[in-house]
Amino acid sequence: MALIGHAVEFQDYLPSMMQTLGTEGFMLELCSGFRLLMDVDKGLITLESLKRNSMLLGMQDMRDDDLVCMLMEGDLDGDGAINQMEFCILMFRLSPGLMNGSKQWVEELYANDM
């Protein structure tokens with residue numbers, strides 16, 4: 001993420017969280033993150049819920065059009081909001097470290113369920 005005239009350094013902590021928490025624990029944390037940002041009545045992350053909760057992410061100074069772009073990045077079904085599955089997919093897509101090991105972790109998650 002970059003701001004005009006400022007560079008923002010992104011540190012990918014998700015792979016270390018995955019290692020620490022294990023696959024199932026990590027997925028539970030992702031779901032908790034989703035619930036933190038979602039509109040409780042709609043069960044979705046909407047522009048309004050993202051604006052309301054932007055301070056939690058250190059994004060209180062972001063403009064509405066930037067927040068809309070964030071929503072569009074994760075909105076796979078085109079409904080203008082992000083559901084829990086879209087949120088989890090987005091988190092994996094935004095983390096190079098998770099993308100590299102995602103096949104192994106998905107297999108581990110399914111092996112634990114069987």
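Here are some numbered notes on this predicted model, going from confidence and layout to individual side chains.

1. Ground rules. Residues are numbered from 1 along each chain as its sequence is written. The model is predicted, with local features needing pLDDT of at least 70, side-chain atom pairs counting only at pLDDT 80 or more, and totals for chains, interfaces and linings using all residues, while side-chain values use heavy atoms and leave out hydrogens and water.

2. Confidence. pLDDT is the predictor's confidence in each residue, from 0 to 100. The protein chain has a mean of 82, and 75% of its residues reach 70 or more. Helix α3 has the highest confidence, at 93, and strand β1 (residues 2-3) the lowest, at a mean of 48. Where pLDDT is low, the predicted coordinates should not be read in detail.

3. Layout. The protein chain has five helices and two strands, in the order β-β-α-α-α-α-α from the N terminus. Helices (H or I, at least four residues) and strands (E, at least two) are DSSP runs, numbered from the N terminus. Of the 114 residues, 31% are buried; buried means under 20% relative accessible area, exposed over 50%, and partly exposed in between (1.4 Å probe, protein chains only). Taking contact as heavy atoms within 4.5 Å, 42% of the contacts between residues at least 6 apart in sequence join residues at least 24 apart.

4. The core. A nonpolar core here is a set of buried Ala, Val, Leu, Ile, Met, Phe, Trp, Tyr and Cys residues joined through side-chain atoms within 4.5 Å. The largest one has 19 residues, and those touching the most other members are F26, L30, I45, L50, I82, F87 and M91. Two or more residues come from each of α1 (14-37), α3 and α4 (84-94), with α1 giving the most, at six residues. As background, nonpolar side chains in soluble globular proteins tend to be buried together. For a look at one member, try I45: beyond four places in sequence, I45 is in contact with F34, L37, M38, L50, L71, A81, I82 and F87.

5. Aromatic pairs. There are two in the structure. The F26 and F92 rings have centres 6.2 Å apart and planes at 80 degrees, so this pair is edge-to-face. F26 sits in helix α1 and F92 in helix α4, 66 residues apart, so to speak of distant parts of the chain being linked is fair. Both F26 and F92 are buried. For F34 and F87, the ring centres are 5.9 Å apart and the planes at 55 degrees, which makes the pair tilted. That pair also links helix α1 (F34) with helix α4 (F87), 53 residues apart. The cut-offs: rings of Phe, Tyr and Trp (its six-membered ring) pair if their centres lie within 6.5 Å, and planes under 30 degrees apart count as stacked, over 60 as edge-to-face and the rest as tilted. F34 is buried at 2% relative accessible area, and F87 is buried at 8%.

6. S49, a buried polar side chain. The side chain of S49, in helix α2 (residues 47-53), counts as buried because its relative accessibility is 0%. It reaches the backbone oxygen of L37 at 2.9 Å and the backbone nitrogen of T46 at 2.8 Å. A polar contact is a pair of N or O atoms within 3.5 Å; within protein, one must be able to donate a hydrogen and the other to accept it, and residues adjacent in sequence count only if both atoms are side-chain atoms. Beyond four places in sequence, S49 touches L37, M38, D39 and L44.

7. L36. This residue is in helix α1 and is partly exposed, at 49% relative accessibility. The C-alpha atoms of L36 and L56 are 8.9 Å apart, with the two positions 20 residues apart in sequence numbering. Setting aside neighbours within four places, L36 is in contact with N53 and L56.

8. The annotated region and α4. UniProt, in an unreviewed entry, places "domain: EF-hand" at residues 62-97; its positions are given in the numbering used here, feature names are shortened, and annotations may be inferred rather than shown by experiment. Residues 62-97 are 67% helix and 0% strand, with the end C-alpha atoms 26 Å apart. M62 lies in the loop between α2 and α3 (64-74) and is buried, at 19% relative accessible area. Beyond four places in sequence, M62 touches L67 and M70. At the start of α4, a side-chain oxygen of N83 comes to within 3.1 Å of the backbone nitrogen of M85. The buried residues of α4 are E86, F87, C88, L90, M91 and F92.
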